[in-house]
Amino acid sequence: MEENNLTATRLVKEFTHGEYCHYLEWNERTQYLASCGDKRINIWSMDDDRPIYNLEEEKEDLKNFAWRLCTGNGEEEGGIEMARKSAKNFTFAYALIGKGVFIWNPLESEQQLRRLSEDTDIETLAFSSDGRFLAAVSRGTLKIWSAEEWVQIYELNNKHIEFGDPRNVSFFTTKSTNLHENKLIVNYKYVPLT
């Protein structure tokens, strides 16, 4: 949707994902939209009526994903066209119930999915705001990977603690005396004690 002070809000573009869509994310750097649901992830351009990239799963529904925002890789000078050609701007993580956590990048030449974890309960994911880390959360489990080499650097298993299902997970970055710290917030569904 577009809005300015002289005109009313108007619909600029409409995309049809499929039967349903669980999650949307806009990437300002590439000016692309990603949608997720109905067993697929689609990446859309404002210049096209069909997805420019897509990933389809045969059996499992995709409910959410995390899109790695890449910063400081020298593309700022090259503008939107350079950003659209860089594989660094197209790293997606997603979890499939019963299968694990996967990385997908439609611009990588081998086009192979990379499995990070076989943990079948992961429900939500998030990249840190600087793109350096990926967190995956389920009921009582938290895993964090370095996004440079996809090496797991942290794991917490508290299955005995009665948390509800994780609703969402988010990073934020703070800076103190030239040190950047990534902090993680997990929002769990409230489960009343019995």
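Accessible areas come from the Shrake-Rupley method with a 1.4 Å probe. On this basis, the accessible surface of the protein chain comes to about 11800 Å², and carbon and sulfur atoms contribute 47% of that area. The structure is a predicted model. Of the 194 residues in the protein chain, 39% count as buried. The secondary structure consists of one helix and 14 strands. Among contacts in the protein chain with a separation of 6 or more, 42% are between residues 24 or more positions apart.

The description begins with strands β1 to β4. The loop between β1 (23–27) and β2 (32–37) contains Gln31. Gln31 is not a glycine, yet its phi is positive, at about 60°. The relative accessible area of Gln31 is 24%, and this residue is therefore classed as partly exposed, since the partly exposed class lies between 20% and 50%. Strand β2 pairs with β3 in the antiparallel sense, over six bridges. One of the facing pairs is formed by Leu33 and Trp44, the latter in β3. The two strands form a hairpin with two residues between them. Asp38, in the turn of this hairpin, has a positive phi of about 55°.

Strand β3 spans residues 40–45 and is mostly covered, with five of its six residues buried. On pairing with β4 (residues 53–56), β3 runs antiparallel to that strand, and four bridges join the two. Ile43 has Tyr53 as its bridge partner in β4. Strand β3 thus has bridges to β2 and to β4. Strands of a sheet pair through backbone hydrogen bonds, in either a parallel or an antiparallel arrangement.

Asn42 is also found in β3. Its relative accessible area is 2%, so Asn42 is buried, the cut-off for this class being under 20%. The side chain of Asn42 makes a polar contact with the side chain of His17, at 3.3 Å. When neighbours within four places in sequence are left aside, the residues in contact with Asn42 are His17, Leu33, Ala34, Ser35, Pro51, Tyr53 and Asn54. Two of these residues also appear in the bridge pairs described above: Leu33 stands opposite Trp44, and Tyr53 is the bridge partner of Ile43.

Further along the chain, an open sheet is formed by four strands in the order β5-β6-β7-β8, with antiparallel pairing. The edge strands of this sheet are β5 (65–67) and β8 (114–117), each of which pairs on one side only. From one strand to the next, the twist averages 25°. Within the sheet, β5 and β6 (residues 92–96) pair in the antiparallel sense over three bridges. Phe65 has Tyr94 as its bridge partner in β6.

Another open sheet contains four strands in the order β9-β10-β11-β12, and its pairing is antiparallel. Here the edge strands are β9 (124–127) and β12, each pairing on one side only. The twist of this sheet averages 15° from one strand to the next. Strand β10 (residues 133–138) and β11 run antiparallel and are joined by six bridges. The bridge partner of Ala136 in β11 is Lys143.

Strand β11 (141–146) is followed by a loop that leads to β12 (151–157), and Trp150 lies in this loop. Trp150 has a positive phi of about 60°, although this residue is not a glycine. With a relative accessible area of 15%, Trp150 is buried. Gln31, which also has a positive phi of about 60°, is by contrast partly exposed.

Leu184 is placed in strand β14, which covers residues 179–188. A relative accessible area of 27% makes Leu184 partly exposed. Apart from neighbours within four places in sequence, Leu184 is in contact with Ala135, Leu142, Ile144, Val169, Ser170 and Phe171. Leu184 and Thr173 are 11 residues apart in sequence, and their C-alpha atoms are 8.8 Å apart in space.

Technical notes. Residues are numbered from 1 along each chain as its sequence is written. This is a predicted model: local features need pLDDT of at least 70, side-chain atom pairs count only at pLDDT 80 or more; totals for chains, interfaces and linings use all residues. Side-chain values use heavy atoms; hydrogens and water are left out. Two strands pair if DSSP finds at least two bridges between them. Axes are lines fitted to C-alpha atoms, for helices over the stretch in contact, and angles run from 0 to 180 degrees between N-to-C directions. Buried means under 20% relative accessible area, exposed over 50%, partly exposed in between (1.4 Å probe, protein chains only). A polar contact is a pair of N or O atoms within 3.5 Å; within protein, one must be able to donate a hydrogen and the other to accept it, and residues adjacent in sequence count only if both atoms are side-chain atoms. Contact means heavy atoms within 4.5 Å.
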